[in-house]
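This briefing introduces a structure to a reader who has not met it before. Please have the sequence and the model at hand while reading.

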Amino acid sequence: MTKENIIRQAYEAAVERYAAVGVDAREAMDKLQKISLSMHCWQADDVSGFENQGGSLTGGIQVTGNYPGRARTIDEVRADVLKAASLIAGKHRLNLHEIYGDFQGRKVDRDEVEPAHFESWMQWAKENGMKLDFNSTSFSHPKSGDLTLANPDDAIRNFWIEHTKRCRWISEEMGKYQDDPCIMNLWIHDGSKEVPASRLKYRQILEQSLDEIFATEYKNMKDCIEAKLFGIGLESYTVGSYDFYLGYGAKKNKIVTLDTGHFHLTESIADKVSALLLFTPEIMLHVSRPIRWDSDHVVILSDDLLDLAREIIRCKALDRVHIGLDYFDATINRIGAYVIGCRATQKAFMQALLEPSATLQQYEAEGKYFQRLALQEEMKSLPWTAVWDMFCLQNDVPVGEDYIAEIEKYEAEVTSKR
Ligand SMILES: C[C@H](O)[C@H](O)[C@@H](O)C(=O)CO
Ligand SMILES: [Mn+2]
């Protein structure tokens, strides 16, 4: 029997098996097909970008490793992203940071950037059937320091306000161009190594800065605000903490970004979904994998990720949750890192979509807690992998481990020559 026939046969059997517990596996596949991940451009080049060539990465984040083949130019980032996307089923978005502008070798400071610097990205994305998302960039700049939008020095604060306003303008133009809202994320590293004399002071300044930044209403972009627990060198205090942005988002109707690496390690991000959905318009996810700290390891199919995907599906919130990825690993093949992380995220949603949630909720309503636990447990060993393999086959992307050879080939022919 050919591999394709084995996959088809296993899939037909899986459809029957899921039907027996009241789940339509075909419908689950259709729903997964519509999930667009927002791929982070910064895995391709270790968060370097094209503005500050040679400058170091600041802002309390760190990339470890020096695996050969890092993308060094805009063309190399684009080629690597397309290669990765060709190994991932479905249509996906690309999430750009401001430092990835097409600056044509000219020095364009952060308070001078404009939509024209992203025109070639917009055209490229359209040609390749991708939509763009965007991020302001407050790190890796001489004015980054420890405080940007929360800086008591007006000259520094106004510089970053201007930058962030311009990023919203760029996002608006991207959204218009692609006829689909561009999701713009705002993350700043502002914080302090030691406990500040006034925690309140910097949070008040940040609130004022955000109010100024968000004063302009746009129609083609959506704002997200991303909290963090701490950055390296800024361990005692983060101005934009989760409580701060949750409060701001709920009060001002802004999307809160949940980066799964930005919380205490035992906190459940899945548990936050239903709470946020009640008080904020939508959710942006930065799917990441913290190991002991916000280490940005490549996303794998972990229990945490599965829980998160299940929560989104149980809340029927796919239309209110944007699924972005955020990690950077320079110790392994970077295209491989994209493919592993994106496919792991899709696998989590595949399993979540195959959950017999109506039956589970019925059991719960009737107080049948043994039955609820038993069915949850049995779901773990139902043949979701057969449905996943079929999903890959139908999308004409490698099934199972077959993508390893494809990435090895690209490495031999392209990235190893850099
Ligand atoms: C590149 C940054 O890491 C990213 O934009 C930000 O979302 C973050 O998570 C910082 O820790
Ligand atoms: Mn993030």
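Which residues coordinate the manganese ion (ligand 2)? In this predicted model, the coordinating residues are E226, D259, H286 and D326. The points below treat the metal site and then the surroundings of ligand 1.

**The manganese site**
- The manganese ion (ligand 2) is held at 2.1 to 2.2 Å.
- E226 contributes through OE, D259 and D326 through OD, and H286 through ND1.
- The site has 6 donor atoms and is octahedral, with angles of 71 to 170° among these atoms.
- Along the sequence, the donor residues follow the spacing E-x32-D-x26-H-x39-D.

**The shell around ligand 1**
- Ligand 1 is surrounded by 14 residues, of which H97, E226, K228, D259 and D326 come nearest.
- By class, this shell comprises 6 nonpolar, 3 polar and 5 charged residues.
- E226, D259 and D326 are among the residues that come nearest to ligand 1, and they also coordinate the manganese ion.

**Polar contacts and burial of ligand 1**
- The side chain of E226 places an N or O atom 2.6 Å from an oxygen atom of ligand 1.
- For H262, a polar side-chain atom lies 2.9 Å from an oxygen atom of the ligand.
- For D294, the corresponding distance from a polar side-chain atom to an oxygen atom of ligand 1 is 3.4 Å.
- Ligand 1 taken alone exposes 300 Å², and the protein buries 100% of that area.
- The largest cavity is the space taken by ligand 1.

Definitions and conventions:
Residues numbered from 1 in each chain as written. Chains lettered and ligands numbered in written order. Predicted model: local features only at pLDDT ≥ 70, side-chain atom pairs only at ≥ 80, totals over all residues. Heavy atoms only, no water. Near = heavy atom within 4 Å. Polar contact = N/O pair within 3.5 Å; in protein donor to acceptor, adjacent residues only side chain to side chain. Areas by Shrake-Rupley, 256 points an atom, 1.4 Å probe, with all protein chains shown as cover. 1 Å grid on protein atoms, 1.4 Å probe; cavity = no way out; pocket = protein on both sides within 12 Å on 5 of 7 lines; lining within 4 Å. Sits in = over half its atoms within 2 Å of the grid points. Nonpolar A, V, L, I, M, F, W, Y, C, P; charged D, E, K, R; others polar. Donors = N, O, S within 2.8 Å, 3.2 Å for Na, K, Ca; no water. Tetrahedral: all angles 85-135°; square planar, octahedral: opposite > 155°, others 65-115°.
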